Amino acid sequence: MEIFKYLEKYDYEQVVFCQDKQSGLKAIIAIHDTTLGPALGGTRMWTYASEEAAIEDALRLAKGMTYKNAAAGLNLGGGKTVIIGDPRKDKNEEMFRAFGRYIQGLNGRYITAEDVGTTVADMDLIHEETDYVTGISPAFGSSGNPSPVTAYGVYRGMKAAAKAAFGTDSLEGKVIAVQGVGNVAYNLCRHLHEEGASLIVTDINKEAVQRAVEDFGAKAVDPNEIYSVECDIYAPCALGAVINDDTIPQIKAKVIAGAANNQLKETTHGDQIHEMGIVYAPDYVINAGGVINVADELYGYNRERALKKVELIYANIEKVIEIAKRDGIPTYKAADRMVEERIERMHNSRSQFLQNGHHILSRR
Ligand SMILES: NC(=O)C1=CN([C@@H]2O[C@H](COP(=O)(O)OP(=O)(O)OC[C@H]3O[C@@H](n4cnc5c(N)ncnc54)[C@H](O)[C@@H]3O)[C@@H](O)[C@H]2O)C=CC1
Ligand SMILES: CC(C)CC(=O)C(=O)O
């Protein structure tokens, strides 16, 4: 990978490599764009096939956060961290504290939170070293685990997408195929079950599947069968790039709406599903509930206020679908257009120099 070529192509601001021999920390912090404010995005811990794969993931996820935060109306830029390692075996206290010191060194340009493989307890360790971390324990007056709120946002966004496809936003009687039943999707399944949807689930973790079968009467299928099941809605809630050349021909759903980041392997896959008449709820618009919730901590956390903002994901998905219809373009393009216009407007309006211009963290 020619790193500077890649950074220039998508206009990344900064990449930080963090190494701590004693704890085994190997982390990559990617900051994509801070036009709207400090970069906020979670920390993922994952066993990558190569260092290059880890760098690529950090970069793609960071850009996704720029778009997610802007689409959600937050005054925050986009960044993300990946820690290379197995979250079940390789974590230790010193690792997260060393990582916290690296974040502190960025002096507020980047604020972290949970992502796949990291927990509230990990954020609390980071918080020992820096204030630039959210999703810490409610005991600190904070919002805790963002996953249930992400799930609520996905549920709201799925209803808006269903309305566009089926003429009603009721999910009663709809068959919904959920890929991955981890932290977010378990909570999503609860909302869907309560509304009377039928669930088909899969996960590489058998216990997670069993829990969804027992708690929600879900039907279980093997991981590679989830794309081709007869269903109304496909909800990707595991990892990214699941909408690709291999999976698209198998998909029978009329709606794709789920929590996973970077669902489209390439943008051409967004064009293909559009041509098939599938209503696609762009990932970074529908899964913004968690970041909206943790971002509220920056103002002194108020759950009611945060949930009101998460409710608006319904209207945001409607808006994206409207732009797509108006301009005759796929929804992923409509979302990008909406975001890029907002960032451009703010970029152009920031003409005066102001030392220490971001006052957002001073409100905590
Ligand atoms: N946790 C949050 O608040 C947010 C999460 N997301 C995204 O949503 C997705 C899910 O996040 P979480 O629920 O927090 O993660 P998680 O790690 O709790 O759940 C993911 C689940 O997917 C399963 N999985 C992995 N590979 C699979 C495969 N090939 N087939 C089937 N299942 C597979 C895992 O075993 C796990 O149970 C991720 O892409 C994450 O980046 C996005 C926004 C916020
Ligand atoms: C706080 C997290 C839920 C933010 C994030 O990294 C994401 O939305 O992917």
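**Exercise 1. Polar contacts of ligand 2**

Determine which residues place a backbone N or O atom or a polar side-chain atom beside an oxygen atom of ligand 2, and at what distance.

*Solution.* Begin with Lys80, which in this predicted model has a polar side-chain atom 2.7 Å from an oxygen atom of ligand 2. Next take Asn261, where a polar side-chain atom is found 3.1 Å from an oxygen atom of the ligand. Then turn to the backbone, since Gly42 brings a backbone N or O atom to 2.8 Å from an oxygen atom of ligand 2. Finally, consider the surface: ligand 2 taken alone exposes 280 Å², of which the protein buries 94%.

**Exercise 2. The shell around ligand 2**

List the residues that surround ligand 2, sort them by class, and explain why the ligand lies between two domains.

*Solution.* Step one is the list itself: the surrounding residues are Gly41, Gly42, Met65, Lys68, Lys80, Ala113, Glu114, Pro146, Asn261, Val291 and Val294. Step two is the sorting by class, which gives five nonpolar, three polar and three charged residues. Step three concerns the domains: domain 1 (3-65 + 77-137) and domain 2 (147-342) both contribute residues to this shell, and ligand 2 therefore lies between them.

**Exercise 3. The surroundings of ligand 1**

Describe the shell around ligand 1 by its closest residues, its polar contacts and the elements and domains that supply it.

*Solution.* Start with the count, which is 20 surrounding residues, the closest being Arg44, Thr150, Val184, Asp203 and Ala238. Among the polar contacts, the side chain of Thr150 has an N or O atom 2.6 Å from an oxygen atom of ligand 1, and the side chain of Asn261 has one 2.9 Å from an oxygen atom of this ligand. Asn261 also has a polar side-chain atom 3.1 Å from an oxygen atom of ligand 2. For Ser147 the partner is a nitrogen atom of ligand 1, which lies 3.2 Å from a polar side-chain atom of the residue. On its own, ligand 1 exposes 830 Å², and the protein buries 83% of that area.

Sorting the shell by class yields eight nonpolar, eight polar and four charged residues. Helix H5 (147-166) and helix H6 each provide at least two residues of it, while domain 1 (3-65 + 77-137) and domain 2 (147-342) each provide at least three.

**Exercise 4. An annotated stretch**

Which residues carry the UniProt feature "binding site", and are Gly182 and Asn183 buried, partly exposed or exposed?

*Solution.* The record, an unreviewed UniProt entry, places the feature at Gly180, Val181, Gly182, Asn183, Val184 and Ala185. Of these, Val184 is also among the closest residues to ligand 1. Gly182 sits in the loop between strand S7 (175-179) and helix H6 (183-194), and because its relative accessible area is 32%, it is classed as partly exposed. Asn183 belongs to helix H6, and with a relative accessible area of 54% it is exposed, the cut-off for that class being over 50%.

**Exercise 5. Positive phi angles and buried loop residues**

Locate Ala241 and Asn262, give their phi angles, and classify their accessibility together with that of His269 and Ser143.

*Solution.* Ala241 occupies the loop between strand S10 (233-236) and strand S11 (255-256), and its phi is near 60 degrees, a positive value in a residue other than glycine. Its relative accessibility of 25% makes Ala241 partly exposed.

Asn262 lies in the loop between S11 and H8 and, although not a glycine, has a positive phi, near 50 degrees. A relative accessible area of 18% places Asn262 in the buried class, whose limit is under 20%.

His269 is part of helix H8 (residues 267-275) and is buried, with a relative accessible area of 3%. Although His269 and Ala241 stand 28 residues apart along the chain, their C-alpha atoms are separated by 9.6 Å.

Ser143, in the loop between helix H4 (120-127) and H5, is likewise buried, at 9% relative accessible area. Its side chain forms a polar contact of 2.5 Å with the side chain of Glu297.

Methods
Residues numbered from 1 in each chain as written. Chains lettered and ligands numbered in written order. Predicted model: local features only at pLDDT ≥ 70, side-chain atom pairs only at ≥ 80, totals over all residues. Heavy atoms only, no water. Near = heavy atom within 4 Å. Polar contact = N/O pair within 3.5 Å; in protein donor to acceptor, adjacent residues only side chain to side chain. Areas by Shrake-Rupley, 256 points an atom, 1.4 Å probe, with all protein chains shown as cover. Nonpolar A, V, L, I, M, F, W, Y, C, P; charged D, E, K, R; others polar. Domains from an automatic or database assignment. UniProt positions renumbered as here; feature names shortened; annotations may be inferred. Helix = DSSP H or I, 4+ residues; strand = E, 2+ residues; numbered from the N terminus. Buried < 20%, exposed > 50% of the residue type's maximum accessible area, 1.4 Å probe, protein only.
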